[in-house]
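This report concerns the architecture of one protein chain. Please keep the sequence and the coordinates at hand while reading.

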Amino acid sequence: MAPEDGGARPRPPPGAALPGAPADRGPALPVPPPPAPPRVPPMPPVRSPAGPNDPAQARFAALDHLTPVQCAGLGLASLPAWTAPPAFLRSEYAAANQVVFDAAASVADYSSVDGERALKMTLIFNSLLLRSTAHGGRRGAAALARRMQLFLDGDYSTLVSEWEREGAAKAAARQAHRAAPSSARRTRSGSAGGSVSKGRLVRRSKRLAARGRVGRAARILESIGVADDTDQRVIDQLREKHPVRAPGAPALPRVPDDCPRLEVDDSQLLEAYRRLEPEVAPGASVWRNEQLRALTQLPANPTDPRVRDVLKAHAAFATKFLNGDLPEWYYYVTTAARVIPLIKKPAATVVDVPDVRPVGIGCAWRRAVTKAAFTDAVKADAQRFLFPAQLGVCTRGGASQLIFGVRELLDARQDFCVVSLDFRNAFNEVDRHALMHAFLGDASGRVRQLARLFHCMLQQESPLYLGCAQAGLRQLPFASAQGVQQGSVEGMLGFAVALQEDLEWLDEQLRAHGGVARAGADDVVVVGPPAEVFRIIDDFTERVHRRLHLQVQPAKSSCYIHPDHANELEAHRGVYPLGCEPPASGSGEADAYGVTVWGVPLGSDSYVRRKLAAHAERVAGTSDTLVSLLGPDHKQLLWTITRVSTAHKFDYWLQHNRPEDTLEACRQLDRKLLQQATVALGCGPLDDDGLYGETSVVRQRVRLPVALGGLGLRSLEDVAPAAFWGAAYRAFPRLLDCHSAPGGAGARGSFEVPALRARIGDMRSQRCWGPLMGGSSAVGQALKEAWASMKATVGDEAVQDSALDQRAEEALTGNGLWDEKANMQHALTSVLEGASRDRLAATLSARPRMDPERDCWMALDSYASAWVTAPPCGATAMPQAEWREVAARYLGVPSPACRPHVGKPLGSTASRRAQHSRAIDAYGDALTCTQM
């Protein structure tokens, strides 16, 4: 109703109660002020456009009228680019790179006009040369060649004017597209909305599989999807994950002049660029991994010195970049990141918004040069600084040590509880000021050498963008202002170093009571007596909040103790909930208790098995998704993903859980994998236990590795004992300090506590598993039983002179010494599979000569299994019908093409009389032997 005076109703002042509000609600809460916009560092001044006849000394003057943000392509005018230069233009592209980076590295004063121009050119030149052309093929390559020649001739004005014209046209088109009603918008797939078509997903997956990136191909198909980034509710979720820098927060501490500098040379860059993965989504910049890889694929002895010295120029500039020698505005644009709101949990209804997880993608060049700086020596120094409190960063096999160490300590001291602490948004909220002090205050000098790198990466509030180069980039109204940046190479190490002081304090407090504190990145696990643990955790929580601005979330943390001491835990745990896994609905079973340590369940047997069953259900769900997407029309791709990806999704839990606990989950997944393989191969019901039981020849061949005449779809139930032994072999000898290591030098252990020292001894010096298996250790008994089951499976003859030809208590490899690089799982699996192959060969040799399965086995040669590993594209791609026939012929099962026609006569009437009325058989042998 309008006011009686006919005027507009006045708005209540902020903080005032609304008219008609109940009086007992008290004063209204103050309305928080809107967050301040992200801080932008001072940018170079914009100058008048350069003319075409500038003197030679004004090189790159054509960029004077452009801002660094424009040069970096950050905005609606961003232009898509070729993924990589054509092969015949790699030398020209390398020469252009050398010109740009040599000019930038040679600048003495980056605040000068020449310095600004050189830095701008490093941002824009890739777009000048490789932006998408109107045509593909030869015409597109010719356009790129023309641009390369213009650049090498120094005609930058022409290149810049063309670039500006195309960018303006793109920006206008995108503005018009966004102004149109949402119902009228069309995606590139041709449908309204933002979904990506199945065809595009499959084509990209095939490209990735052809390059050997089968795991990534599978993840693309299994992903729930990306949330609608135009929904304000999604943007609000992203804002919550990126806290603002507090007003008046001090600037990062200055790096002193005596701080060590990082050095990057051309050999390090060569190795880093070569290892870059193709087909990786780009960040906010134009750089792509393929463009950097192209600089490593040049002629062996180039005549042009610019081509020969391109990586030296890159290395010289990268050294300055990583040591913070460049202006702050340059780091502002190069640390810009593209944010993708991946769906973590789908929306409950069509009107709700899904729960999203932001994934940041930074500049490909920045990631590459940072990887080059993280040499083996740098990572070894970082590992020595963090070990043993932090096992999730820079520690080889740290996950296994964390899991086995916590499990064994809980088994040895059943009066100890375990608490898994959860930080809220840890990586994005850790205080940058405290992080820098951690690096600068390192008295050992092991991580202080990285202080310059972290300072230049974290000093500014890095802008964040939605969208992509194809659709234009939209800057978000908030920035990466706190914490370490999403998608950065150095981020996890930075967080670990910042947390280390408090983590070591926590561990020291617990050691006084026989306990430990260990972390796997941001997952902190505390073990000790309940009466002390929760008091110490409260102090730790207050410390990290005061010093790092991190907040422990008790509601998302969990704790557990052996049931015999449950009352003591209840008396002290306070707000920390018990880790609980409810039973299946209607089962009538009780709740099961435990905790999850780095994804692996520890606790009661029921808790562990229910958690493993839930993981198996998730893997089975991805299998169903793949079958529905690929089964009808893309069987070869489905088979490739089945063999390389789906079959290994449960490996992590196989390695870190007792075989008896994984048994039911393994059986469930083995059945699901056979169902997926049945659809993928299309040659018959391989999952039919009545037709092809576990002892059948076909099922045995499916289980054998490809090199032994099989399909490589190993049974998880059969692999479980070897996988568990492999992880234990890597972890247990590293748990305790070793005082008699080779060469006389001692080695620190990750869980050196009295309870474990008395329980398992020093395996690296005693070289014996006897103390572990001879005591009351549940893991020790599981290892002993797994060893016995593998020996029984193999048989006495096959055991001789193999890795199993010894007692479990003396399980070793090679010359009898513990070898940290040895792969025990591979050694044991080879014995098991070799014995299976010998048994199968003996079975088939006893079959009649005309037996189809025997014929196929005897006909195997080194090329017969090439189709099993052939990528599903290019020359090795097969039509669906051919693929099914190849699979059937390899396994010796009835032909899918002939099966419906069994018994029908072959050829014409006359030919049937001449050939005594031969009929089509199930395997197609008569058909292949008939002269048509």
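The account below proceeds from the chain as a whole to its sheets, its helix pairs and one individual residue.

## The chain as a whole

The model is a predicted one. The protein chain has 932 residues, of which 50% count as buried. Its secondary structure comprises 38 helices and 11 strands. Among the contacts in the protein chain with a separation of 6 or more, 71% are between residues 24 or more positions apart.

## The four-stranded sheet

One open sheet contains four strands in the order 6-7-3-8, and its pairing is antiparallel. Strand 6 (516-520) and strand 8 (558-561) are the edge strands, each pairing on one side only. From one strand to the next, the twist averages 15°. Four bridges connect strand 3 (residues 417-421) with strand 8 in the antiparallel sense; within this pairing, Val418 stands opposite Tyr560 of strand 8.

Two helices are associated with these strands. Helix 16 packs on the sheet and touches strand 3, strand 6 and strand 7 (523-528), with a direction that makes about 20° with that of strand 7. Helix 21 lies across strand 3, strand 7 and strand 8, and runs at about 20° to strand 3.

## The three-stranded sheet

A further open sheet has three strands in the order 9-10-11, again with antiparallel pairing. Strand 9 (580-581) and strand 11 (600-603) each have a single partner strand, so one side of each is left without a neighbour in the sheet. Strand 9 is joined to strand 10 (residues 592-597) by two bridges, and these strands run antiparallel. In this pairing, Glu581 has Ala592 of strand 10 as its bridge partner. Helix 16 (residues 398-412) packs on this sheet as well, touching strand 10 and strand 11 and making an angle of about 10° with the direction of strand 11.

## Strand 4 and helix 14: enclosed elements

Strand 4 (residues 462-468) has seven of its seven residues buried, so the strand is largely enclosed by the rest of the structure. Strand 4 pairs in the parallel sense with strand 1 (residues 337-345) over two bridges, where Ala337 stands opposite Leu464. Strand 4 also pairs with strand 5 (residues 472-480), here in the antiparallel sense and over six bridges. Ser462 stands opposite Ser480 of strand 5, and a hairpin of three residues joins strand 4 to strand 5.

Helix 14 (residues 364-373) is likewise largely enclosed by the rest of the structure, because nine of its 10 residues are buried. The buried residues of helix 14 include Trp365, Arg366, Arg367 and Thr370.

## Two helix pairs

The table lists the axis geometry of two packed pairs.

| Helix pair | Crossing angle | Axis separation |
|---|---|---|
| Helix 20 (residues 491-511) and helix 21 (residues 530-548) | about 165° | 10 Å apart |
| Helix 6 (residues 198-210) and helix 7 (residues 214-222) | roughly 165° | within 7 Å |

Angles over 145 degrees count as roughly antiparallel. Helix 20 and helix 21 are therefore roughly antiparallel to each other, and their crossing is right-handed. Among the residues that make the contact are Leu499, Leu503, Trp505 and Leu506 of helix 20, together with Ile536, Phe540, Arg543 and Val544 of helix 21. By class, this contact has 11 nonpolar, one polar and five charged residues.

The axes of helix 6 and helix 7 cross at roughly 165°, which makes helix 6 roughly antiparallel to helix 7. Helix 6 passes helix 7 in a left-handed crossing. In helix 6, Leu201, Val202, Arg204, Ser205, Leu208 and Ala209 meet Val214, Arg216, Ala217, Ile220 and Leu221 in helix 7. The residues of the contact between helix 6 and helix 7 divide into eight nonpolar, one polar and two charged.

## Arg233

Arg233 belongs to helix 8 (residues 232-240). With a relative accessible area of 39%, Arg233 is partly exposed. Leaving aside residues up to four places away in sequence, Arg233 touches Val351, Asp352 and Val353. The C-alpha atoms of Arg233 and Pro354 are separated by 9.2 Å, although these residues lie 121 residues apart along the chain.

How values were computed. Residues numbered from 1 in each chain as written. Predicted model: local features only at pLDDT ≥ 70, side-chain atom pairs only at ≥ 80, totals over all residues. Heavy atoms only, no water. Pairing = 2+ DSSP bridges. Contact = heavy atoms within 4.5 Å. Axes fitted to C-alpha atoms, helices over the stretch in contact; angles between N-to-C directions. Parallel < 35°, antiparallel > 145°, perpendicular 65-115°, else oblique. Left-handed = near helix turned anticlockwise from the far one by under 90°. Nonpolar A, V, L, I, M, F, W, Y, C, P; charged D, E, K, R; others polar. Buried < 20%, exposed > 50% of the residue type's maximum accessible area, 1.4 Å probe, protein only.
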